[in-house]
Amino acid sequence: MRKKGFVFGLVLVLLFALSACNSKESSGGEKEKSGTDSKKSEKKVEIFSWWTGAGEEDGLKALIALFQDKHPDIQIENAAVAGGAGTNAKAVLASRMQGNDPPSTFQVHGGAELNEGWVAAGKMEPLNDLYEKEGWNDKFPKSLIEMVSKDGNIYSVPVNIHRGNVLWYNKHVFDENGLKAPTTFEEFFAVADKLKAKGITPLALGDKEPWTAVQIYENILLAELGTEAYGKLWTGDLSFKDEKVVKATETFKKMLSYINDDHASRNWQDASQLVAKGEAAMNIMGDWAKGYFVNDLKLAVNKDFGYITTPGTAGKFMVITDTFGLPKGIKNVEETKQFLSVLGSVEGQDAFNPLKGSIPARVDANVSKYDQYGKDTIEDFKTAELSPSLAHGSAAPEGFLTKANQAVNIFVSQKDVKQLTDSLAQAAEELK
Ligand code: GAL
């Protein structure tokens, strides 16, 4: 117990140190110079996110550059804390919010993470006036505005829509082995067996941060349950002990027999690299992986890698939306609203999303700025059935997600179907 407390303390100290050094980084990557331009440093916006490093930060940097062009008098502090899906950033943010030291604006997923978390805790200002002023009420899809609203008020501005149900594959490996991208689990396992026989890892996983395995699991749940029943898991109308959930968990177990042995020491970028190099053939990941493949690994869409919806999820869209809001009690409200205005503009969205791998949240963005993957996904979004992601905070409150991350992480090593569905059912029960 004492040892645990000490380790936890140490982790917190490290997180604080990390956030402190990150938050001193200005948009140009230079350290802040004290007293050089006092007027400029008064006008400051601190942007908090987990977009740092490979595959994550390019879109944000482009958005910041656009903002600086328009508002050279306002200083930006890029306070990013590394770690996929906010693994570390969310803890740092929670400490800051509890200590009444909110950043000017922060990355938060639409859905439960925003509404059941920060809005329910009374920490956010409504943005209805900004939406009115910018004429945004019919510029974002209604379904998306609902994800960032509670009790009739709108609380954040979506910068993007990521798709969570994508299977990426190495095209060279598929072509050389005469394989076709699998559309069903049956096809997936047939392809996986052929690859295994050739000594190629069928599916890459990097679950050093457990959310990546949760993301695969939620994809399978969506495929096996369908949009409606999947949605019932989050309203409490369907038990995790339901036979369809058990079946999905069996499929997950089978899928895990095709992954790389060193999955627990890799993060999502490391796992994507296996696919890029052809050491593994496929991975299931959100479309930030496309940003990583193209910007960082210099791979070409539909030449070096291909994409298809995760087996069983054609016509379905696992929605992940990154949004930014206005915390209560910040100093630079006007400057922060100016940043949100740029982030919500067509120009802002079209600077950010082609690099990030996501599609614009706005319905009137310039489609010609997007590659074939982006164009296909923009089209799909218009007609697909939408579902909220658990792994990325939209489907259920943070407390449930933490338990799901733990339970799935144990499942990946122990493969006990009953233990996983029981743990999830219990976590859901505790939510009531
Ligand atoms: C998600 C986030 C994405 C991407 C991903 C990997 O939660 O919405 O924008 O950053 O994590 O870190």
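**Exercise 1. Determine the strand order of the open four-stranded sheet, and explain why its edge strands each have a free side.**

Step 1. In this predicted model, where local features need pLDDT of at least 70, side-chain atom pairs count only at pLDDT 80 or more, and totals for chains, interfaces and linings use all residues, the four strands of the open sheet follow the order β9-β10-β8-β11 with mixed pairing. Residues are numbered from 1 along each chain as its sequence is written, and side-chain values use heavy atoms, with hydrogens and water left out. Strands (E, at least two residues) and helices (H or I, at least four) are DSSP runs numbered from the N terminus, and two strands pair if DSSP finds at least two bridges between them.

Step 2. β9 (201-203) and β11 (305-309) stand at the edges with a single partner strand each, so one side of each lacks a neighbour in the sheet.

Step 3. Inside the sheet, β8 (residues 166-170) and β10 (residues 280-284) pair in the antiparallel sense over three bridges, and Y169 stands opposite M282 in β10.

**Exercise 2. Establish which strands pair with β13, and whether its faces are buried or exposed.**

Step 1. Strand β3 (residues 105-109) pairs with β13 in the antiparallel sense over three bridges, and the bridge partner of Q107 in β13 is F324.

Step 2. Strand β6 (residues 156-158) also pairs with β13 in the antiparallel sense over three bridges, with S156 opposite G325.

Step 3. In a regular strand the side chains alternate between the two faces of the sheet. In β13 (residues 322-325), D322 and F324 on one side and T323 and G325 on the other are all buried, and both faces are thus covered; buried means under 20% relative accessible area, with a 1.4 Å probe and protein chains only.

**Exercise 3. Describe the largest nonpolar core and identify which element gives the most to it.**

Step 1. A nonpolar core is a set of buried Ala, Val, Leu, Ile, Met, Phe, Trp, Tyr and Cys residues joined through side-chain atoms within 4.5 Å. The largest has 57 residues, and L233, W234, F252, M255, M282, L390 and F400 touch the most other members.

Step 2. Among the elements that each supply at least two residues of this core are β8, β10, α11 (243-255) and α17 (398-414), while α10 gives the most, with 13 residues.

Step 3. Leaving aside residues up to four places away in sequence, F400 touches W234, F240, L390, L424, A427, A428 and L431, where contact means heavy atoms within 4.5 Å.

Step 4. A second, separate core of 54 residues includes A79, A89, L340 and F381.

Notes. Buried < 20%, exposed > 50% of the residue type's maximum accessible area, 1.4 Å probe, protein only.
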